[in-house]
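Colleague: I would like to learn how to read the domains and sheets of a model like this one. Where should we start?

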Amino acid sequence: MNALLEMQGISKHFAGVKALSDVTFAVRPGEIHALVGENGAGKSTLMKVLSGVYPHGSYDGAIVFDGEERRFSDINASESLGIIIIHQELALVPLLSIAENIFIANPPGRFGIIDRGAVHQRTKELLAKVGLDESPDTLVTNIGVGKQQLVEIAKALSKKVRLLILDEPTASLSEKDSAALLDLLLEFKAQGIASILISHKLNEVSKVADRITVLRDGRTVDTLDCHDGAVEEDRIISKMVDRDLEHRYPKREPNIGGPIFKVTNWSAYHPLHSERQVIRNVDFEVRRGEIVGIAGLMGAGRTEFAMSIFGRSWGQKITGRAEMEGRPIDLSTVRRAIDAGLAYVTEDRKQLGLLLAEDIRKNVTLANLPAIAPGRIIDDMKELRVASDYRGRMHIRCHSVFQETGKLSGGNQQKVVLSKWLFTDPKVLILDEPTRGIDVGAKYEIYCIINELADAGKGVVVISSEMPELLGICDRICVMNEGAFVGEFTGTEASQEKIMRAIMRKGEQRPMEALA
Amino acid sequence: MSDTALKDKPQHAGFLKNNLREYGMLISLFAIMIFFEVVTNGTLMRPLNLTNLVLQNSYIVIMALGMLLVIVTGHIDLSVGSVAGFIGAVAAVLMVKFDVHYIPATLICLALGGLIGAAQGYWVAYFKIPSFIVTLAGMLVFKGLALAILAGQSVGPFPPTFQKLSSGFIPELVPDAGGLYPTSLAVGAVLALGLVWLNFRGRARQEAHHVETEPYGFFVAKNVALFGIITYFAYLIASHRGMPNVLVIMTALIALYAFVTTRTTIGRQIYAVGGNEKAAKLSGIKTERLTFLTFVNMGVLAALAGLVFAARLNTATPKAGLGFELDVIAACFIGGASAYGGVGRVGGAVIGALIMGVMNNGMSILGIGIDYQQVIKGLVLLGAVCLDVYNQRRA
């Protein structure tokens with residue numbers, strides 16, 4: 001079969017570092033080709049070479065598209081051939097409407113005057129194609145991330161797309177939105193549009209991909225054909241990391257004690273819409289040495305619940321009782337929550353977790369400065385000792401603790417955030433999507449850290465959208481939907497089906513009945 | 001245990017390159033000074049002129065210290081010139097018209113400055129109104145109020161003791177030393193020795209903890225240069241009329257703010273707020289209160305600068321403080337502060353202020369008109385920031 005795209009012997013250097021070496025990659029017409037690999041394996045670099053972000057001449061090798069060698073000078077050159085890339089970080093303008101976003105670069109019209117009618121009409125057609133039921137005039141800021149992703153795809157379709165590249169399209173989507181997106185890819189395939197899907201989520205990859213190419217350390221390791229029988233996830237993983245992952249989740253013997261942290265009748269309202277109750281009279285409890293998972297779809301209220309507990313960082317009109325080790329505690333400010341023994345590791349470590357321009361050392365000590373600053377004057381050597389200590393304990397890979405956190409990989413950044421919270425010596429840690437955007441190897445390390453924390457007698461709460469992860473590490477899983485807990489399972493009895501059923505059942509019943 | 005982790009391999013080769021940014025500013029200052037020293041045929045560094053240089057720029061330096069903190073938290077204060085002018089006017093009215101003793105008058109003025117800062121900081125910190133707008137309003141308000149309380153006229157002169165704030169010199173303990181003021185020289189030498197001692201102590205501590213240190217030769221050379229330069233300047237200053245009072249105030253403030261920003265928890269927290277306000281907040285830092293306090297601090301320093309300026313002119317005029325904010329803000333940005341917040345050093349802001357001051361002074365000596373002076377200053381500001389951005393991209 002003739003390939004639509006062939007990348008032959010691509011090599012790319014950055015200031016002495018070899019990011020890609022002799023990568024070969026081919027996409028057939030109308031196929032979904034998944035590109036997988038650990039963070040830093042070179043997936044994004046390869047796609048940047050393909051789309052012309054790194055222009056011809058800055059790399060070695062050849063790109064053949066449609067049977068001709070192409071030398072893209074910039075991204076416009078590749079787009080004009082129908083190679084459209086959708087980046088992981090969405091590139092939409094929040095305060096413009098869907099229609100304006102879709103036609104932001106070249107709106108239909110004459111002499112620079114936009115034909116609004118045409119924009120509206122064409123946007124409607126595009127939205128119908130991607131199955132998004134929103135008015136073209138809706139502002140992008142008012143729709144969820146899942147829908148924004150669809151807008152991005154509609155935007156891609158507004159150009160003549162022949163090869164669609166999606167970089168981690170489902171990283172921030174719920175299972176339901178992810179499934180819809182993948183269905184869309186299959187539909188495009190039926191129309192003859194080829195896709196390159198970059199993803200960490202192997203279950204999705206094996207669901208839709210025709211072929212899977214694995215990159216490791218800037219080299220092509222293998223291309224697996226999914227039509228030659230099912231490709232096992234573990235096989236892909238072992239290719240990605242070059243080691244057989246016997247278990248994706250470390251083993252642990254739980255040693256669970258008495259209750260340590262408890263909230264009762266916890267309610268919170270939306271920060272902007274004060275009549276909208278988002279967290280509905282929730283009761284929740286963690287025991288010493290226990291790992292509790294909170295499962296739920298995007299928008300179920302998990303993050304909102306956690307942040308409303310953590311010093312009222314989210315919402316308004318927050319009510320309810322909180323107890324730590326049987327004593328009532330005051331959670332009205334973040335400082336008080338920390339002092340009460342609570343720590344919250346945010347789902348968005350770049351926006352909410354780290355000072356990206358500061359070094360590892362200053363990030364690690366930030367939440368507990370008094371411990372290194374007797375009399376409010378910082379003992380810099382003590383600080384250095386603390387940071388170096390965590391660097392060793394958490395295996396933060398860096399050339400020194402004076403390295404900027406912004407320059408670390410996702411997994412190492414997450415370890416810095418975890419170090420920061422461990423340094424506050426919390427009794428209970430709430431980890432919100434602790435492994436989002438982290439490669440497989442680092443995930444395993446994070447799980448080990450979580451286990452160690454539980455073994456040290458702390459209560460650990462893990463919020464995650466990846467159900468296998470919750471099933472793999474939790475002693476107990478609570479299911480949240482529409483701001484209330486709708487089901488609870490022990491780690492051994494839980495399964496993806498049971499969790500999904502708990503969520504779906506909730507949708508059919510009235511909120512309070514489901515709790516009974 | 002952690003000892004091995006602490007031992008980071010020293011890499012001397014890239015040392016100078018890595019630290020060029022830090023020293024680049026200082027090198028620029030010296031280059032500019034040497035340039036003007038040459039083209040003005042040695043007028044720039046004459047003791048008389050040097051003393052003038054200090055007096056002329058003291059209020060800019062003082063305000064730059066406060067402005068740096070404001071900029072580091074990610075804000076800006078456009079009102080400082082007007083506030084300084086307004087406080088000068090209040091001081092004049094209190095001391096000249098109402099005969100208030102200069103000590104309570106000064107305290108009232110400083111407190112009033114803090115109050116003004118608090119009033120502006122309140123809107124910025126708690127109401128989340130952009131500081132650009134709040135302080136633009138403040139700029140108009142206090143410019144107007146200064147005009148109002150002076151009734152459009154100049155008010156002066158100040159009591160002689162108050163004038164000493166700007167025009168006074170530290171007392172000379174050794175009488176009649178043939179044109180030289182030994183006390184001033186000694187103060188300068190002690191200061192230089194103190195700094196060198198601090199550097200050596202810091203290095204010893206770092207070595208004890210196996211932290212990467214700069215090459216020893218470079219370190220020694222740096223300290224020799226530091227000692228030599230400070231003592232030389234002290235000598236020049238001492239051979240005119242001794243150390244101006246305001247230089248003492250300025251030096252003490254620089255030392256205080258350098259210490260607060262680098263070594264205290266509140267300093268660290270201010271940088272955290274500027275670096276990532278949301279992350280700082282979720283780390284238990286009271287971001288609003290810190291922002292508020294930086295504005296209060298700015299207000300007090302603007303008031304102090306207003307007093308120094310009024311004392312120097314020996315009169316309060318409605319035009320006092322006009323355009324100061326531009327010099328002050330420019331000093332911070334030339335000194336490497338980032339307009340996005342989170343980045344900037346006290347030393348940088350001071351050097352930035354001195355660069356502006358030396359250029360003002362040098363160009364005036366050369367007889368360049370105020371028109372082209374502003375053109376050149378504007379270009380230097382743009383150039384300095386461009387260079388900084390370029391360096392950061394490359395890194």
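Modeller: Domain bounds come from an automatic or database domain assignment. Keep in mind that this is a predicted model.

Colleague: Which domains does the assignment give for chain A?

Modeller: Domain 1 covers 5–241, domain 2 is made up of 259–341 + 427–515, and domain 3 covers 354–425.

Colleague: How many residues of domain 2 of chain A are in contact with domain 3 of chain A?

Modeller: Contact here is judged by C-beta atoms, placed from the backbone, that lie within 7 Å. Ten residues of domain 2 of chain A meet nine residues of domain 3 of chain A in this way. On the domain 2 side, helix 15 (residues 440–455) of chain A supplies the largest share, four residues. That side of domain 2 of chain A, where it touches domain 3 of chain A, consists of seven nonpolar, one polar and two charged residues. The centres of domain 2 and domain 3 of chain A, taken over C-alpha atoms, are 26 Å apart.

Colleague: Now the sheets. What is the order of the six strands in the open sheet of chain A?

Modeller: Strands count as paired if DSSP finds at least two bridges between them. In this sheet of chain A the order is 6-9-10-3-11-12, and the pairing is mixed.

Colleague: Why is one side of strand 6 and of strand 12 of chain A left without a neighbour in the sheet?

Modeller: Strand 6 (83–86) and strand 12 (219–225) of chain A are at the edges and have a single partner strand each, so one side of each has no neighbour in the sheet. On average, neighbouring strands of this sheet are turned by 20° against each other, direction ignored.

Colleague: How many bridges join strand 6 of chain A to strand 9 of chain A?

Modeller: Four, and strand 6 runs parallel to strand 9 (residues 163–167) of chain A. A:Ile86 has A:Leu166 of strand 9 opposite it.

Colleague: Which strands does helix 6 of chain A lie across?

Modeller: Helix 6 (residues 175–190) of chain A crosses strand 3 (32–36), strand 9 and strand 10 (194–198), at about 150° to strand 10 of chain A.

Colleague: And what is the pairing in the open sheet of four strands?

Modeller: That sheet of chain A is antiparallel, with the order 14-13-16-17. Strand 14 (277–287) and strand 17 (327–328) of chain A are its edge strands, each pairing on one side only. Seven bridges link strand 13 (residues 259–269) of chain A to strand 14 of chain A, and A:Tyr269 stands opposite A:Gln277 in strand 14. Helix 9 (residues 302–309) of chain A packs on this sheet, where it touches strand 13, strand 14 and strand 16 (316–324) of chain A.

How values were computed: Residues are numbered from 1 along each chain as its sequence is written. Chains are lettered from A and ligands numbered from 1 in the order in which they are written. This is a predicted model: local features need pLDDT of at least 70, side-chain atom pairs count only at pLDDT 80 or more; totals for chains, interfaces and linings use all residues. Helices (H or I, at least four residues) and strands (E, at least two) are DSSP runs, numbered from the N terminus. Axes are lines fitted to C-alpha atoms, for helices over the stretch in contact, and angles run from 0 to 180 degrees between N-to-C directions. Two residues are in contact if their C-beta atoms, placed from the backbone, lie within 7 Å. Ala, Val, Leu, Ile, Met, Phe, Trp, Tyr, Cys and Pro count as nonpolar, Asp, Glu, Lys and Arg as charged, and the others, Gly among them, as polar.
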